Amino acid sequence: MNTLFMASHVSMGIVEKPALKDYWAEFWPAFTSGFGRVMTYKRSAIILSCLHFANNDNWVAYGEPGHDRLFKIRPVIDCVVPRFAAAYAPGKELSLDEMTIAFKGRLTLKLYNPTKLDKYGYKAFVLSEASTGYVVRWSLYNGQNGDDCDSLGATHLVVHQLMEPYTGKGHEVYMDSYYTGPAITMELAPKDTGLCGTISSNRRGMPRDLRPALLPLRRGDDPVFMWHDKLLACAWHDMKRITMLSSIHTNTCVQKCICTKGSATGFHNINKPVCVDNYNTYMGGVDRAGQRMKTYLFLNRAKKWYSGIFNALMSICIVNSHILYTRCTAGPHKPLKLFIQELISLLEGHKRSEGKRPGRPS
């Protein structure tokens, strides 16, 4: 791929404008001279419209064996995603969550999630390091889960696939109630892999005695714990009722000071389960990665549906590269913005150095 095009494409994440043509506009309030110096608008638009990654001769029609809904972007996924884990060994704590890639076009892969900032788009399942947000595993949902989905469940299969390379290595994974279940927790526990997450009290395999109808709790009450083999179930009420499932923690608590109207001082000490405290600390790895991606995200300027997925993967590559840079070099470290600027300069300089011809200038 043309490195000058990639340099200008990544630069659009730092310089935000409403339309692609505005980057080459000569109107003085919006004028940016750098884009015209690197590449003309016509050439950039042609490259963007011709952006293609797969050989159409290998396409398998819908309904036939081997059909892949992600065929157009599959070569990029197979090339980029395995390198995330190959380049970095994550720490002990991992977080698993979904990531939304904004898209409002007409496509069967598009989903609606009212709880996300980008409500319409593609859903990707992400496994990241909890402390840094480094993405080690990434899988785009395409609705094709296979025959194992009926027996294990879709979320069970997602956790199993993402955690497969990291089982038996002493990792701890934190996830929300969409993925947590007694079955996957019992599957990972014998493999030296701990799991902790929130869970619905009426999930299959959870004790009925922890349901709010049978166990009413209010703020300030001590948490209730239940054991079964290696699993710990906990019910606690803070701002709202939460239920936890963990194969890592015990029934230990930490002191937390809250505001209350019932005491003379206005404060009251309560017991907060350690599993809840650790969950709040380590659950935000994927959110941290998404926040850093969207800070300088180059938007989807093409009409092709797979261009947004390509941009998201390139953004993950940039954020992961910056994390590797901070881990492998001595400080002080450059912030993400200066790191991207240096990356753009390297892409531009690489192409210009290739274009120089040896010999005496005329």
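1. In this predicted model, L127 is a useful place to start, and its contacts are listed here without its neighbours within four places in sequence. L127 is then in contact with L94, S95 and L96, with Y134, V135, V136 and R137, with L162, M163 and Y166, and with V173.

2. L127 also belongs to the largest nonpolar core, a set of 70 residues in which I73, L127 and W138 have the most contacts. Helix 10, which covers residues 307-328, gives the most to this core, with 9 residues. A second core, separate from that one, has 11 residues, and Y174, C196, I270 and M283 are among them.

3. Y174 leads on to E172, since a polar contact of 3.3 Å joins the side chains of these two residues. E172 lies in strand 5, which consists of residues 172-175. Is E172 buried or exposed? Its relative accessibility is 12%, and because buried means under 20%, E172 counts as buried. Apart from its neighbours within four places in sequence, E172 is in contact with K92, E93, L94, G194 and I248. Readers may notice that L94 appears here and also among the contacts of L127.

4. Helix 1, made of residues 3-11, deserves a separate look, because 9 of its 9 residues are buried and the helix is therefore largely enclosed by the rest of the structure. The buried residues include the nonpolar-looking names L4, F5, M6, A7 and V10, and the list also holds T3, S8, H9 and S11.

5. For the protein as a whole, the secondary structure comes to 11 helices and 11 strands, and the C-alpha atoms fill a box of roughly 85 × 60 × 35 Å when this is taken along the principal axes. Of the 362 residues in the protein, 43% are buried. If one takes the contacts with a separation of 6 or more, 57% of them are between residues 24 or more positions apart.

6. Turning to the surface and the charges, the protein exposes about 19800 Å², and carbon and sulfur atoms supply 54% of that area. Its side chains include 45 that are positive and 30 that are negative, and the centres of these two sets lie 9 Å apart.

Methods: Residues numbered from 1 in each chain as written. Predicted model: local features only at pLDDT ≥ 70, side-chain atom pairs only at ≥ 80, totals over all residues. Heavy atoms only, no water. Helix = DSSP H or I, 4+ residues; strand = E, 2+ residues; numbered from the N terminus. Buried < 20%, exposed > 50% of the residue type's maximum accessible area, 1.4 Å probe, protein only. Polar contact = N/O pair within 3.5 Å; in protein donor to acceptor, adjacent residues only side chain to side chain. Contact = heavy atoms within 4.5 Å. Core = buried A, V, L, I, M, F, W, Y, C linked by side-chain atoms within 4.5 Å. Areas by Shrake-Rupley, 256 points an atom, 1.4 Å probe, with all protein chains shown as cover. Lys, Arg positive; Asp, Glu negative; His and termini not counted. Charge placed at Lys NZ, Arg CZ, Asp CG, Glu CD.
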